[in-house]
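Here is a short tour of one protein chain for your bench notes. Have the structure open as you read.

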Amino acid sequence: MMFQGASIHTPRKELEIGGITKMRLQQFKNIYAGREIVCADVFCGTGRNDVLGEIVDGSPLRILDAYHRSENMNPRFKFWFSDILPDACAALRTLVPNWPNLSIRTMAAADALNFLGNYLYKHPSTLLFLVLDPNGPKEFPKKESIQLLNEFSKRIDIVPYISATAINRCIGARKKSTS
């Protein structure tokens, strides 16, 4: 079985993503009842993280649990998970229910954001709840994120969970490589 994430901060991150998601889904069921809502995670990974030998549920499982706990019964609610690694997507498929409103796709995060932007364009009343929690900033689709937010800002609720430590390490590595 494949796992992701080895940071000691991973359990806290996943707990916070689950808590924020539950809060927003409870609000959605009251404010946006009957509208199509796509809940997406474009860095879904395997669905589980190995932190010092302890297995911690990842963001896709936290999102699905938050949906269940929010008692959101909107039949037009969809889940859309993607990751660049085929093995990660395959591992996640073994952990999630086989719901008709749940899709797991293998694609790069930039391609996933473009796909979601096209979906929003074709479905003008659809709302997007987007979780961005990359395992490091190197693959973060900054241009595509900005483009998506600029185009559909009134229809997107975003939970960006990007490690400042990882960003600083990446900046330090770039500085070393240019000196």
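In what sense, parallel or antiparallel, do β4 and strand β5 pair, and over how many bridges? The model is predicted, and in it β4 and β5 (residues 102–106) pair in the parallel sense over five bridges.

## Strand β4 and its partners

Let's stay with β4, which covers residues 77–83. Six of its seven residues are buried, so the strand is mostly covered. On the β5 side, Phe79 has Leu102 as its bridge partner. Strand β1 (residues 37–41) also pairs with β4, again in the parallel sense and over five bridges; here Asp41 is bridged to Phe81 of β4.

Helix α3 (residues 86–93) joins the picture too: together with β4 and β5 it makes a right-handed β-α-β unit.

## Helix α2

Helix α2 runs over residues 59–70, and its end C-alpha atoms are 16 Å apart. That agrees with expectation, because twelve residues at 1.5 Å a residue should span 16 Å. Among its buried residues are Leu61, Ile63, Leu64 and Tyr67. Just after the helix, Glu71 takes a positive phi of about 55 degrees.

## The nonpolar cores

Nonpolar side chains tend to be buried together in soluble globular proteins. The largest nonpolar core here has 23 residues, and Phe77, Phe79, Phe81, Val96, Leu102 and Ile104 have the most contacts inside it. Helix α2 gives the largest share, five residues.

Leu102 is a good residue to click on: beyond its neighbours within four places in sequence, it is in contact with Leu64, Phe79, Phe81, Val96 and Pro97. Apart from this core lies another, of 18 residues, including Ala40, Val42, Leu120 and Ile156.

Methods. Residues numbered from 1 in each chain as written. Predicted model: local features only at pLDDT ≥ 70, side-chain atom pairs only at ≥ 80, totals over all residues. Heavy atoms only, no water. Buried < 20%, exposed > 50% of the residue type's maximum accessible area, 1.4 Å probe, protein only. Helix = DSSP H or I, 4+ residues; strand = E, 2+ residues; numbered from the N terminus. Pairing = 2+ DSSP bridges. Right-handed = clockwise from strand over helix to strand, strands pointing away. Expected span 1.5 Å × (residues − 1). Core = buried A, V, L, I, M, F, W, Y, C linked by side-chain atoms within 4.5 Å. Contact = heavy atoms within 4.5 Å.
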